[in-house]
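Here is a guided look at one protein chain, with the sequence and the fold to hand. Let us walk through it together, starting from a single residue and working outwards.

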Amino acid sequence: MAQSLRVHRQSPATFFAEGFSRIAAERMAGLPICRPDISVQVPQFIPFQGQWLGVAVTPWSLLVLLACGDEKTWQSIPTGAVKAVRLPAGEFSFLGMNDPILGEYQACSLMSPLGPDIADQATAQAVALSAFRIMLSDMPEPPEERGTSLKKTRCSDSAGRLASQGTRRRRAG
């Protein structure tokens, strides 16, 4: 597939929301991995080192996305290749993507498929945004995790723990 780099001069939130909605309707509808009770949401994108960093909820996953904001500093990676991206909370693995609708971007999966702890749309968005905020915070590592590479490899585990905590709080309330 030829590279299709789209340079976003403004927040690509609407672009990704419309693109993932189209993918949900055209390619993902009816697949067992999709949750019919979850819709596409792209609640936030922020400028990040000349590019755009954002978070997305889809019926099949929770994702952190990296999109091109400046073609001169954008670092393309082949589709399916993994690159470490340093965020304030540490290094996270992003997968090279190139989609006919969305073009070239990079994605860090927080959760795929969506687990049973994601009870509804509000929980999906809350977990995605909480994980995104944690990735952007300069938090010290808990003592039991110092010296490990959990930040780089356990992104989806953190999202799962956040989802479980949200479910427990809701049930307790």
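## Starting at Arg 35

Where is Arg 35 found? Arg 35 sits in the loop between α1 (13-28) and β1 (41-48). Please keep in mind throughout that this is a predicted model.

Is Arg 35 buried or exposed? Its relative accessibility is 18%, and because the limit for buried is under 20%, Arg 35 counts as buried. Its side chain reaches the backbone oxygen of Gly 115 at 3.4 Å. If we set aside neighbours within four places in sequence, the residues in contact with Arg 35 are Pro 59, Leu 114, Gly 115, Ile 118, Ala 119 and Asp 120.

## A second stop in the same loop

Ile 33 also has its place in the loop between α1 and β1. With 34% relative accessibility, Ile 33 counts as partly exposed. Which residues does Ile 33 contact, leaving aside its neighbours within four places in sequence? They are Met 28, Pro 59, Trp 60, Ser 112 and Pro 113. Pro 59 is thus a contact of Ile 33 and also a contact of Arg 35. As for Trp 60, it is 27 residues away from Ile 33 in sequence, with 5.7 Å between the two C-alpha atoms.

## The overall layout

Stepping back, the protein has four helices and six strands. Along the sequence they follow the pattern α-β-β-β-β-β-β-α-α-α. The protein has 173 residues, of which 44% count as buried.

Contacts across the sequence are worth a look too. Among contacts in the protein with a separation of 6 or more, 64% are between residues 24 or more positions apart.

## Two nonpolar cores

In soluble globular proteins, nonpolar side chains tend to be buried together. Here the largest nonpolar core holds 27 residues, and the members that touch the most others are Leu 53, Leu 62, Val 64 and Phe 94. Two or more residues come from each of β2 (51-58), β3 (61-67), β4 (82-87), β5 (90-99), β6 (103-111) and α2 (121-135). Which element gives the most to this core? That is α2, with seven residues. Another core lies apart from this one; it has 20 residues, including Phe 16, Trp 52, Leu 65 and Ala 107.

Leu 62 gives a good view of the packing in the largest core. Not counting residues up to four places away in sequence, Leu 62 touches Ala 56, Val 57, Cys 108, Ser 109, Leu 110, Met 111, Leu 114, Ile 118, Ala 124, Val 127 and Ala 128. One of these contacts, Ile 118, is also in contact with Arg 35.

## Strand residues and their distant partners

Cys 108, one of the residues touched by Leu 62, has its place in strand β6. Cys 108 counts as buried, at 2% relative accessibility. Its C-alpha atom is separated by 6.4 Å from that of Leu 65, and the two residues are 43 apart along the chain.

Glu 91 is found in strand β5. Is Glu 91 buried or partly exposed? At 30% relative accessibility, Glu 91 counts as partly exposed. Between the C-alpha atoms of Glu 91 and Met 135 the separation is 9.0 Å, with their positions 44 residues apart along the chain.

## The second largest pocket

The second largest pocket has a volume of about 260 Å³. It is lined by 15 residues, and those closest to its centre are Phe 20, Trp 60, Leu 63, Met 97 and Tyr 105. Trp 60 is also a contact of Ile 33.

The elements that give two or more residues to this lining are α1, β3, β5 and β6. The largest share, four residues, comes from α1. Sorted by class, the lining has ten nonpolar, three polar and two charged residues.

## Two backbone details

Most residues other than glycine have a negative phi, and most peptide bonds are trans. Ser 112 and Pro 113 are joined by a cis peptide bond, with omega about -5 degrees. Pro 113 has its place in the loop between β6 and α2.

Gln 49 has a positive phi, near 50 degrees. Gln 49 lies in the loop between β1 and β2, and it is exposed, with a relative accessible area of 64%.

Conventions
Residues numbered from 1 in each chain as written. Predicted model: local features only at pLDDT ≥ 70, side-chain atom pairs only at ≥ 80, totals over all residues. Heavy atoms only, no water. Buried < 20%, exposed > 50% of the residue type's maximum accessible area, 1.4 Å probe, protein only. Polar contact = N/O pair within 3.5 Å; in protein donor to acceptor, adjacent residues only side chain to side chain. Contact = heavy atoms within 4.5 Å. Core = buried A, V, L, I, M, F, W, Y, C linked by side-chain atoms within 4.5 Å. 1 Å grid on protein atoms, 1.4 Å probe; cavity = no way out; pocket = protein on both sides within 12 Å on 5 of 7 lines; lining within 4 Å. Points joined across faces, edges and corners; volume = space filled by probe spheres on them. Nonpolar A, V, L, I, M, F, W, Y, C, P; charged D, E, K, R; others polar.
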